[in-house]
Amino acid sequence: MERVECLIIGSGPAGYTAAIYTCRADIKTVVYEGMQPGGQLTQTTEIENFPGYPKGINGPDMMEEIRQQALRFGAEIREGEVTAIDVSQRPFKVTTEYDGELLADSIIVSTGAAARYLGIPSEEEFKGGGVSACATCDGFFYKGKDVAVVGGGDTACEDATYLAKLCNKVYLIVRRDVLRASKAMQHRVLNTPNIEVLWKHQTKELFGEQQGFMKKLKGAVLYHSDTKEERTIYVDGFFEAIGHTPNTAPFKGVLEMDEEGYILTKPKSTATNVPGIFACGDCQDRIYRQAIVAAGTGAMAGIEVERYLAEHK
Ligand code: NDP
């Protein structure tokens, strides 16, 4: 069976940065890219807060540059997901989506997080026909139309201001009477004339009509959080920005996690409860969730793997 010194699971800024560090330390490293090669940043447009890009850079370009940097030092980057890890033996036995099983002396989990959906029944019917969790990916399709964004955090506010530039009108559906977003983002939203904030509103149902093979969204029935009074809005796009869930399902029961599934790491470290397995990036970060932080913890994981392998060989 193939044996690698370091197996990295996930390919966002955390995974690729970890690979740069392990490869530069001469550790044979294989990266499994997972279902979204390059991670969540491949779904964003402009990134303005990653140091080193004074003019900003778009997400996919930045991820390609970090990927190239990992390749330059010898990382082997493969398609597919890791579906299970067996920690009852050393080296660990890992099951992959396409390449069968392999052995790993150390593992870095950097599987990131995925967008959350409301979970209302009609939502599924309109995915691809109006419902989206990525304004920067799909906003273009709603040029000149009316759309809604759900959420009150930075993502929702960022999405709303982004869509306001493209669309005729943007409803921002906020379940409380305050925004969770940073003050700067709040100001932007509240000063954009074609954004209407619907305070204390939640979504009851989505409706639309069949068009060929697809169901096309026409609007949403909302209700007031306190009075429960209903209100209908007519929109072609419904963008959900209500947070993320960590992609940690294959590690349940193996790695210690919090109640939301974020992997627990030791303070000032990326070490998990299993010696030899490290976690970095958004799959273990419920607080910051920033590309630069993910890259930083990726570097930590790379360094910790180097030390772990040196001690255990
Ligand atoms: P957050 O968890 O910060 O916000 C989620 C929002 O969705 C909250 O307003 C929450 O409401 C609302 N929400 C959650 N569930 C529901 C529901 N079922 N129905 C209606 N509303 C719901 O997630 P974000 O993705 O916005 O941000 C995540 C992190 O990333 C944050 O730390 C943020 O600061 C950061 N970020 C930073 C950016 C930047 O610096 N440029 C850009 C984007 C994100 P409530 O407030 O009532 O809980």
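How many Å separate the centres of domain 1 and domain 2, taken over C-alpha atoms? The separation is 32 Å. The model on display is predicted, and this tour proceeds from its domains to the ligand and then to four individual residues.

**The two domains**

Begin by colouring the protein chain according to its domain assignment. Select residues 3-114 together with 244-311 for domain 1, and residues 117-240 for domain 2.

**The ligand and its shell**

Next, select the ligand and display the residues around it. The shell holds 19 residues, and the closest are Gly152, Asp154, Thr155, Arg176 and Arg180. Both domain 1 and domain 2 give residues to this shell, so the ligand lies between them. By residue class, the shell consists of five nonpolar, eight polar and six charged residues. Now highlight helix α5, residues 154-166: with three residues, this helix provides the largest share of the shell.

Three individual approaches to the ligand merit inspection. At Glu158, a polar side-chain atom lies 3.1 Å from a nitrogen atom of the ligand. At Gly153, select the backbone, where an N or O atom is placed 3.3 Å from a ligand oxygen atom. At Ile287, a backbone N or O atom is likewise found 3.4 Å from an oxygen atom of the ligand. Taken alone, the ligand exposes 920 Å², of which the protein buries 76%.

**Thr29**

Move to Thr29, in strand β2, which spans residues 29-32. Is Thr29 buried or exposed? Thr29 is buried, because its relative accessible area is 3%, under the 20% limit for that class. Display the side chains of Thr29 and Thr22 together, since they make a polar contact at 2.8 Å. Beyond four places in sequence, Thr29 touches Cys6, Ile8, Ala19, Thr22, Cys23, Gly74, Ala75 and Glu76.

**Strand β14: His201 and Leu206**

Select strand β14, residues 201-211, and centre the view on Leu206 within it. Leu206 has a relative accessible area of 6% and is therefore buried. Add Pro121 to the selection: 85 residues separate the pair in sequence, while their C-alpha atoms are 8.7 Å apart. The residues that Leu206 touches, setting aside those up to four places away, include Ile120, Phe126, Val131, Leu217 and Phe238.

His201 is found in the strand β14 as well. This residue is buried, with a relative accessible area of 12%. What does the side chain of His201 reach at 2.7 Å? The partner is the backbone oxygen of Trp199. Among the residues touched by His201, not counting those up to four places away in sequence, are Ile173, Val174, Arg175, Tyr223 and Arg231.

**Phe278**

Finish at strand β19, residues 277-279, where Phe278 is located. Phe278 counts as buried, since its relative accessibility is 5%. To see its surroundings, display its contacts beyond four places in sequence: Ile107, Ile108, Val109, Thr270, Ala271, Thr272, Ala301, Glu304, Val305 and Tyr308. Then add Glu240, which is 38 residues away along the chain; the C-alpha atoms of Phe278 and Glu240 are separated by 31 Å.

Conventions. Residues are numbered from 1 along each chain as its sequence is written. This is a predicted model: local features need pLDDT of at least 70, side-chain atom pairs count only at pLDDT 80 or more; totals for chains, interfaces and linings use all residues. Side-chain values use heavy atoms; hydrogens and water are left out. Helices (H or I, at least four residues) and strands (E, at least two) are DSSP runs, numbered from the N terminus. Buried means under 20% relative accessible area, exposed over 50%, partly exposed in between (1.4 Å probe, protein chains only). A polar contact is a pair of N or O atoms within 3.5 Å; within protein, one must be able to donate a hydrogen and the other to accept it, and residues adjacent in sequence count only if both atoms are side-chain atoms. Contact means heavy atoms within 4.5 Å. A residue is near a molecule or strand if one of its heavy atoms lies within 4 Å of it. Accessible areas come from the Shrake-Rupley method with a 1.4 Å probe; for residues, only the protein chains shown count as cover. Ala, Val, Leu, Ile, Met, Phe, Trp, Tyr, Cys and Pro count as nonpolar, Asp, Glu, Lys and Arg as charged, and the others, Gly among them, as polar. Domain bounds come from an automatic or database domain assignment.
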